[in-house]
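Here is a short set of exercises to work through with the model open beside you. Try each task before reading its solution.

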Amino acid sequence: MLAKSQLLRVQRSAVIRSKRALHDLVTLPGRKPVISYGPPGYSAVSGHVVTVFGCTGFLGRYLVSKLARMGTQVIVPYRDEDEKRLLKPMGDLGQIVSMEWDIRNEDQIAECLRHSDIVYNLVGRDYETKNFKFADVHVAGAERLAKVAADHGVQRFVHVSHLNASPTSSSQFYRTKAEGEERVRSVFPNATVVRPATMFGYEDKFLNNMANWPIWWKLNFGETKIRPVHVIDVAQALANLMSIPQVTRTVSLPGPSTLTYEYLLELVEALTYRPPSRAPVAAQMVWWPLMSPDEVERRYIDDVNVPGDWEAVGVRPDEVENHAITYLRRYRLAKDYLRPVLFPARPS
């Protein structure tokens, strides 16, 4: 049994550790107080509650990880039970709360966001299906999420679009992205619209696809200009929006350099030591569809040349060469696995 003096010291140290400072109290725009406590990091409690729609996607899982590390309670709406399991260990006990939802069900949407300080909409589709067309997700779905958030008093709404979103684009994907931005702002005027470029990372459909199916990236003779950005940089930028003053304008997040598909194919070839097929695209056709018509159209569209707003979100983006070997080394043969990393010369 502890002596009385030892017990007093334990109690005193516990009181000292639980002291809070003025910066632990944050007042949200709606005058709702948020109090943080606990040690910084994974086991902290920031007091914020965040809903991330689209959390099981490529960008969503990285954003959930960033938010959970800050001690934020994250609501993760899901459709497939198996897809949301990997999110649970990203936060401490009780910090990751999963809830089933459907983008057409306003009651489920309201249940997912009614306690949240900020809502992120990362929902999107790369291709259409019989159940969900581009307009169903990018336009009607985005408007529905923003409207329900506004009706339930959510203070901040962050809508993730695409760098090339334009109402006059030849791609339906980009046109619906632009229309979705307008619909979101019509029902949630103070929404923050974020436009990232094409992202690369562990589970991407960019570098991995180039390593698996390089032939499909030779459309337009590989001359299409693109500004790839690291998914972790975009996730960090989105997470930083929670702690900075509300941004009501469009935030563009392009990569630091403008490259061509031809150079990126050379980069993949140099890092994997596996030269891509030299056969023409027509010779590689198979009986099942590998790309949708809109994906083909997008391979001919250059990324827009707009300045990045990285300083506004406190992030400095990395070049693709700094991370490409991390994601592409697994495509090397055993005899080439430890060979040196060599980069092709960038076009002038």
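**Exercise 1.** Decide whether Phe 221 is buried or exposed, and work out what is notable about its phi.

*Solution.* Start with the area: Phe 221 has a relative accessible area of 71%, so it is exposed. The cut-offs are under 20% relative accessible area for buried, over 50% for exposed and partly exposed in between, with a 1.4 Å probe and protein chains only. Next, place Phe 221: it is found in the loop between H6 and S10. Helices (H or I, at least four residues) and strands (E, at least two) are DSSP runs, numbered from the N terminus. Now the backbone: phi of Phe 221 is positive, about 60 degrees, although the residue is not a glycine. Asn 220 sits in that loop between H6 and S10 too, and its phi is also positive, near 65 degrees. With a relative accessible area of 21%, Asn 220 counts as partly exposed. Why flag such values? Most residues other than glycine have a negative phi.

Some ground rules before going on: this is a predicted model, where local features need pLDDT of at least 70 and side-chain atom pairs count only at pLDDT 80 or more, while totals for chains, interfaces and linings use all residues. Residues are numbered from 1 along each chain as its sequence is written, and side-chain values use heavy atoms, with hydrogens and water left out.

**Exercise 2.** Check the length of helix H4 (residues 134-151) against expectation, then find where H4 bends.

*Solution.* Step one is the span. H4 has 18 residues and reaches 25 Å from its first C-alpha to its last, close to the 26 Å expected at 1.5 Å a residue. The expected span is 1.5 Å times one less than the number of residues. Step two is the bend: about 35 degrees, at Gly 141. That angle is taken between axes fitted to the seven residues ending at a residue and the seven starting there. Step three is burial. Gly 141 is itself among the buried residues of H4, which also include Phe 134, His 138 and Val 139. The cover over the buried residues of H4 includes strand S3 (49-53), helix H3 (106-113), S7 and H5. Last, look past the end: H4 is followed by Gly 153, with a positive phi near 75 degrees.

**Exercise 3.** Find which residues Thr 176 touches, leaving aside its neighbours within four places in sequence.

*Solution.* Thr 176 is found in helix H5. At 5% relative accessibility, Thr 176 counts as buried. Beyond its sequence neighbours, Thr 176 is in contact (heavy atoms within 4.5 Å) with Phe 134, Ala 135, His 138 and Val 139. Phe 134 turns up again in one aromatic cluster with Phe 173 and Tyr 174.

**Exercise 4.** Place Ser 166 and list what is around it.

*Solution.* Ser 166 lies in the loop between strand S7 (156-160) and helix H5 (172-187). Leaving aside neighbours within four places in sequence, Ser 166 contacts Tyr 174, Arg 175 and Ala 178. Glu 179 is 13 residues away in sequence, and its C-alpha is 8.1 Å from that of Ser 166. The side chains of Ser 166 and Thr 168 are joined by a polar contact of 3.1 Å. Such a contact is a pair of N or O atoms within 3.5 Å; within protein, one must be able to donate a hydrogen and the other to accept it, and residues adjacent in sequence count only if both atoms are side-chain atoms.

**Exercise 5.** How many aromatic pairs does a search of the whole structure find, and what is the geometry of Phe 58 and Tyr 62?

*Solution.* The search gives 8 aromatic pairs. Phe 58 and Tyr 62 form an edge-to-face pair, 6.0 Å centre to centre with 90 degrees between the planes. Rings of Phe, Tyr and Trp (its six-membered ring) pair if their centres lie within 6.5 Å; planes under 30 degrees apart are stacked, over 60 edge-to-face and the rest tilted. Phe 58 and Tyr 62 are 4 residues apart in helix H2 (residues 58-69), so about one helical turn separates them. Tyr 62 counts as buried, at 16% relative accessibility.
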